[in-house]
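This report covers chain build, cavities and ring contacts. Please view the structure first.

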Amino acid sequence: MPKELWNDAAGGFHPISASDFLPRERLREIQLRRLQATVARVWDHVPLMRQRLSACELGRDAIGRLADIARLPFTVKADLRDTYPFGLFASPMPEVVRLHASSGTTGKPIVVAYTEEDVQVWAEAMTRTFASCGLHRGDIVQNAFGYGLFTGGLGAHYGAEGLGATVIPVSGGNTERQIMLLRDFGATAICCTPSFFVHLAEKAREMGIDLRTLPLRVGVFGAEPWSDGMRERIETENGIEAFDIYGLSEITGPGVAAECSEHDGLHVFEDHFYPEIIDAETGLPLPDGEEGELVLTTLSKRAMPMIRYRTRDITAILPEPCACGRTLRRIRRIARRDDDMFIIRGVNVFPSQVESALLEVEGTLPHYQIVLSRQAGLDQMTVEVEVTPEVFSDKVRALEALRGRIAHAIEHTIGIRVGLRLVGPQSIPRSEGKAKRLIDRRHD
Amino acid sequence: MKIPQLSVFLENRPGSLLPPLQLLAEAGLNLAGLSLADTAQFGILRLVLKDWARARELLERAGWVVKRNDMVAIDVDDAPGGLVRALEVLTAAGKDIEYMYAFYLRRDGRVVLLFRFDDPDGAIAALDDAGIAMLPARVLLGE
């Protein structure tokens with residue numbers, strides 16, 4: 001185990017992180033044993049999974065070695081929707097101690113369940129996440145992830161408590177109050193979405209508070225993609241070290257993977273969550289190092305195990321050993337999702353690429369919409385962006401410059417010309433609070 | 001010497017000017033001055049009125065994006081060259097004008113010019129030194 005981890009500011013290494021440093025061979029033994037148990041569990045308790053395994057001519061003992069995982073059928077988001085609310089549970093309700101749900105953009109939400117052990121494993125994964133971000137007992141963690149049905153708030157809460165840190169359970173929103181608490185309580189770390197932090201930092205500047213003069217030294221950011229440029233800006237402007245964390249409710253919530261001090265990819269907590277990369281079109285597994293869709297299998301989950309869940313997140317597994325000494329494999333930072341990909345003039349474009357460009361220019365994510373149309377046989381892409389009070393100016397020149405900056409940032413990211421329209425607030429239709437991102441009028 | 005001005009973002013499409021002005025009319029708010037800047041895509045409606053704080057609140061509550069900033073009001077004779085002298089002073093002092101607009105004052109036929117400067121304080125000082133008359137908000141907006 002690396003010596004520096006025993007000598008951190010608190011004078012101790014959190015024993016829970018020991019699993020981050022298991023010899024690869026030992027880790028693979030644990031993974032195999034847990035995978036076998038998980039397949040047996042869904043065979044015994046989840047009718048849909050049993051039916052799917054049978055259809056692939058597989059049984060309760062389908063897994064002889066780890067590589068056999070590639071023979072298992074995938075699970076997709078629609079499966080969770082189709083079995084709403086409790087159809088994929090592998091534990092009877094008296095053993096389920098917690099339910100979370102995500103607000104789906106379309107239709108029914110997705111429900112996830114935890115037994116007492118599941119909550120413990122989740123807390124452990126989040127404790128290892130915070131430890132990986134250099135936090136320890138004595139740190140004061142302002143948890144600005146939303147508490148409630150969303151897994152972010154409670155996941156981070158249990159993790160930081162597990163570490164022995166002091167938690168400020170402020171939840172999301174109410175920026176001015178957050179800044180007051182940050183200053184008055186002397187928080188040394190904050191966790192939230194990166195866009196919320198940028199918003200908070202701007203507000204603090206307006207209030208005449210320089211975050212660099214506060215004890216705040218670490219930001220733990222997740223739940224949305226953010227660019228390296230945004231990280232650089234966050235770090236230099238606010239005097240903090242920013243860490244990227246990754247997770248999704250279907251698998252556990254936050255705590256699936258986290259950056260370490262090297263900031264070179266996110267270590268997957270592989271003893272609980274087994275990562276694969278597949279070709280999104282053929283579904284075939286890809287070797288480490290190649291880019292594709294991330295597929296995750298839970299290895300410890302009891303109430304709602306997931307077999308080969310397709311995350312739609314595009315990344316690659318980085319197989320090289322990490323300088324931090326962790327033996328857990330890393331995934332590259334996720335820049336885009338496969339969800340709403342569209343092709344225009346032969347170029348694959350992801351709305352998340354447009355999003356990261358908007359984030360870079362505006363600092364926070366405004367409501368936007370991508371409109372595809374065909375003019376004289378040529379595909380056109382127009383991005384409509386709602387004007388916010390933060391960016392609005394009474395000067396035409398300033399608004400035209402903003403338009404130019406956004407268009408340039410998008411063109412720079414995706415490599416084709418786009419039209420950019422500034423539109424009035426609330427002019428882009430929302431469904432359940434979220435904007436519909438893509439309107440394709442090319443075939444109208 | 002500074003005159004508060006509200007700016008409202010509008011999309012450049014037929015009818016978009018009506019609703020915000022309707023809202024202010026219904027609330028009994030009278031405008032002292034108005035200007036509209038437009039591009040092919042969007043417009044910026046600029047309003048000068050006494051009860052700007054209440055107007056802002058109403059507009060924001062109705063969902064418009066509103067910004068307040070300070071203008072400088074100069075009043076000149078309604079005669080050839082009325083504007084030229086003020087511009088000479090500003091040019092000599094190196095005070096950039098972001099934009100400006102003019103309107104007649106009802107009572108004595110004088111013309112009020114409203115200027116938007118990046119540096120209103122510097123511009124006020126330069127105009128003051130040159131003896132160019134400026135209107136305080138209470139004169140322009142009443143009370």
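Buried here means under 20% relative accessible area. By that cut-off, 45% of the 143 residues of chain B count as buried. The model is a predicted one.

**The two chains**

In chain A, buried residues make up 55% of the 444 residues. Chain A holds 10 helices and 22 strands. Chain B has 5 helices and 6 strands. Along the sequence, the chain B elements run β-α-β-β-α-β-α-β-β-α-α.

How does each chain compare with a compact globule in radius of gyration? For 444 residues a compact globule would come near 22 Å, and chain A has 22 Å, so the two agree. For 143 residues the globule value is near 15 Å; chain B has 16 Å, which also agrees. The C-alpha trace of chain A spans about 65 × 60 × 40 Å along its principal axes. For chain B the corresponding spans are about 45 × 35 × 25 Å.

**A loop residue in chain B**

B:Arg13 sits in the loop between strand E1 (2-11) and helix H1 (18-26) of chain B. Its relative accessible area is 48%, so B:Arg13 is partly exposed. B:Arg13 and B:Gln41 are 28 residues apart in sequence. In space, their C-alpha atoms are 8.0 Å apart.

**Cavities**

Rolling a probe the size of a water molecule over the atoms shows where empty space is left. The count here is 4 cavities of 30 Å³ or more. The largest cavity has a volume of about 50 Å³.

Which residues line the largest cavity? From chain A they are A:Asp118, A:Val121, A:Trp122, A:Thr252, A:His272, A:Phe273, A:Thr298, A:Leu299, A:Ser300 and A:Lys301. Helix H4 (residues 116-132) of chain A gives the largest share of this lining, with 3 residues. By class, the lining has 4 nonpolar, 4 polar and 2 charged residues.

**Aromatic pairs**

How many aromatic pairs does the whole structure hold? The search finds 7 over all chains. In one of them, A:Phe86 and A:Phe89 have ring centres 5.1 Å apart and planes at 40°, so the pair is tilted. Planes under 30 degrees apart would count as stacked, and over 60 as edge-to-face. A:Phe86 is partly exposed, because its relative accessible area is 41%. A:Phe89 is buried, at 9%.

B:Phe115 and B:Phe117 form a stacked pair. Their centres are 5.5 Å apart, with 10° between the planes. Are these two rings' residues buried or exposed? B:Phe115 has a relative accessible area of 0% and is buried. B:Phe117 is at 1% and also counts as buried.

Both chains contribute to one aromatic cluster, formed by A:Phe392, B:Phe9 and B:Phe42.

**Charges over rings**

Two arginines are listed here with the rings they sit over.

| Charged residue | Ring | Distance to ring centre |
|---|---|---|
| A:Arg310 | A:Phe74 | 5.2 Å |
| B:Arg46 | B:Tyr99 | 3.5 Å |

In chain A, the charged end of A:Arg310 sits over the ring of A:Phe74. In chain B, B:Arg46 lies over the face of B:Tyr99.

Conventions: Residues numbered from 1 in each chain as written. Chains lettered and ligands numbered in written order. Predicted model: local features only at pLDDT ≥ 70, side-chain atom pairs only at ≥ 80, totals over all residues. Heavy atoms only, no water. 1 Å grid on protein atoms, 1.4 Å probe; cavity = no way out; pocket = protein on both sides within 12 Å on 5 of 7 lines; lining within 4 Å. Points joined across faces, edges and corners; volume = space filled by probe spheres on them. Helix = DSSP H or I, 4+ residues; strand = E, 2+ residues; numbered from the N terminus. Nonpolar A, V, L, I, M, F, W, Y, C, P; charged D, E, K, R; others polar. Phe/Tyr/Trp six-rings, centres within 6.5 Å; stacked < 30°, edge-to-face > 60°. Buried < 20%, exposed > 50% of the residue type's maximum accessible area, 1.4 Å probe, protein only. Lys NZ or Arg CZ within 6 Å of the ring centre and 35° of its normal. Rg over C-alpha atoms; globule rule 2.2 N^0.38 Å.
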